[in-house]
Amino acid sequence: MQTTTHEPDRFGMSASQLESLSKREPLLWANSNYAPLAAVDAQRLDPARALARFKRHAATLRRVFAELEASAGQVSSALEPANALAAVLGDVPAGALGQCSAQPSPHEAVRGNWWIKRDDALPVAGSVKARGGFHEVLSVAEDLLARRGVECELDAPEASRIFGQYTISVGSTGNLGLSIGLIAARLGFRAVVHMSSDAKAWKKQRLRSHGIQVVEHEGDYAAAVAAGREQSEADPFSHFVDDEHSVQLFLGYSAAAEELAVQLNTHGVVVDEAHPLFVYIPCGVGGAPGGIAYGLKQRYGRAVHCFFAEPVASPCMLLQLASAPGQSVSVYDIGLDNRTEADGLAVPSASPLVAPLMRKMLSGVFTVDDETLFLDTYLLHQSMGLQVEPSAAASFRGPLWLRLSAEGKLYQKQSGLEHLMDQANHVIWSTGGSLVPEAEHSKFQDKGRGLSAAHPRA
Ligand SMILES: Cc1ncc(COP(=O)(O)O)c(C=O)c1O
């Protein structure tokens, strides 16, 4: 089906918003269903379960992965001050901000404090998908041993013998595959990753180099997931990690909230209604950002405001949340092509598990074009010396959207935040990068440098 600018009702937004979205114009969409006190359902989905599971297996993880030695088996990443990035982004010329076009002074841009959550450097798997992937494999491994009445550590020879009879498979744009594949293979499972044939070559290569089987499929990420699910269902000795529906993935991601809370506390950051916390997270199918937002809402309630970032070609969560509940929509329905350099975010339809959970919890979604991703990847390197993959840079302009766009100002006003912005903290979630080969980083940097030169500073 093609463009539907005459169908704004179907997608629950104004005709002009829908037109901007289908024309790939970057925008901030504030969620009209947002309910600041939307409660998490801890009976059904309790992040504490994931935290307990990670703790139970920390010693095993430490033995199995040398990279987790320093953290005593904890899968965690640093939180770092990012006002240097704020200053550089505030200095970017108006045109590069899409509709968020007011030219901020550096002072304006750094009102409040900026932080960067370094999931790009999460040990072993190098992306935000690590906590979820590890958590699901740990849970599958626990279940298999329990069903056989075997009591031992997950890396004991007896456990490996059992796991060796099983396959763990997953459909992935790459980073979830790395996370699942690496831990599954290390515990002795056969690991299979289903990917679309246009997934990044280096990701496929890296998976194969770890003995993980890569199956390539024509079509997009959703097609790879569907094919993987089907193949796995035909094999009773196979477990399929379902990125679109998995509760165990979701809970694993949600563990990041407690980690962030401890880190903010250590930095002396107060989060309460007078000191709002804004969190901006890149979104693909929605599992990782959804789990994090869910955990943060449980922890901070109305004091935290979560925004997702999506590519202009793949705003699947935005579209799903704007549309009436119960109908499944895809970015193809509004004439978009789901083609973006942010491969981790190239997803046509949002997770049917996560979208309903975010319906009232999420403050909004902003979109970003590919040029801005490369430019911001470069600007991060210039300002802080960090190298991330383009998907990770999607979140960087969140605070600018909130502070400078008409939609962002309205959100502040309606939420009674205008006079609190000086004491706000903004966490931009950097979601992937440390496993990217140096040659790829160089290409990203070259593109970003070229764009930066093409937009000389005013
Ligand atoms: C680097 C990166 N950021 C963000 C995401 C988004 O996670 P999700 O697809 O769970 O929304 C992904 C997904 O693979 C990713 O690889």
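## A walk around the model

Start with the open sheet: it has four strands in the order 6-5-4-7, and their pairing is parallel. Keep in mind as you look that this is a predicted model. Colour strand 6 (213-217) and strand 7 (238-241); these are the edges, each with a single partner strand, so one side of each has no neighbour in the sheet. Turn the view to follow the twist, which averages 20 degrees from one strand to the next.

Now select strand 5, residues 190-196. Five bridges join strand 5 to strand 6, and the two run parallel. For one residue pair to click on, pick Met195: its bridge partner in strand 6 is Glu216.

Next, bring up helix 10, residues 221-233, which packs on this sheet. Which strands does helix 10 touch? Strand 4 (167-171), strand 5, strand 6 and strand 7. Compare directions too: that of helix 10 makes about 145 degrees with that of strand 5.

**On to the ligand**

Show the ligand and the 21 residues that surround it. The closest are Asn175, Gly284, Gly344, Thr431 and Gly432. Two elements give two or more residues to this shell: helix 8 (175-187) and helix 12. Which of the elements provides the largest share? That is helix 12, with three residues. Colour the shell by class and you'll get nine nonpolar, 10 polar and two charged residues.

**Two helix pairs**

Stay with helix 12 (residues 287-300) and add helix 11 (residues 247-266): they pack at an angle of about 50 degrees, with their axes 7 Å apart. That makes helix 11 oblique to helix 12. Their crossing is right-handed. To see where they meet, select contact residues including Leu249, Phe250, Tyr253 and Ala257 of helix 11, and Gly291, Ile292, Tyr294 and Gly295 of helix 12. The whole contact divides into 12 nonpolar, seven polar and two charged residues.

For the last stop, pick helix 4 (residues 83-90) and helix 15 (residues 370-384). The axes of helix 4 and helix 15 lie 9 Å apart, and the packing angle is about 125 degrees. That makes helix 4 oblique to helix 15. Left-handed or right-handed: how does helix 4 pass helix 15? The crossing of helix 4 and helix 15 is right-handed. Select Ala84, Leu85, Val88 and Leu89 on helix 4, then Leu379, Leu380, Gln382, Ser383 and Met384 on helix 15, to light up the contact. By class, the contact of helix 4 with helix 15 has seven nonpolar and two polar residues, with no charged ones.

Conventions:
Residues are numbered from 1 along each chain as its sequence is written. This is a predicted model: local features need pLDDT of at least 70, side-chain atom pairs count only at pLDDT 80 or more; totals for chains, interfaces and linings use all residues. Axes are lines fitted to C-alpha atoms, for helices over the stretch in contact, and angles run from 0 to 180 degrees between N-to-C directions. Angles under 35 degrees count as roughly parallel, over 145 as roughly antiparallel, 65 to 115 as roughly perpendicular and the rest as oblique. A crossing is left-handed if the near helix is turned anticlockwise from the far one by less than a right angle, and right-handed if clockwise. Two residues are in contact if their C-beta atoms, placed from the backbone, lie within 7 Å. Ala, Val, Leu, Ile, Met, Phe, Trp, Tyr, Cys and Pro count as nonpolar, Asp, Glu, Lys and Arg as charged, and the others, Gly among them, as polar. Two strands pair if DSSP finds at least two bridges between them. A residue is near a molecule or strand if its C-beta atom, placed from the backbone, lies within 6 Å of it.
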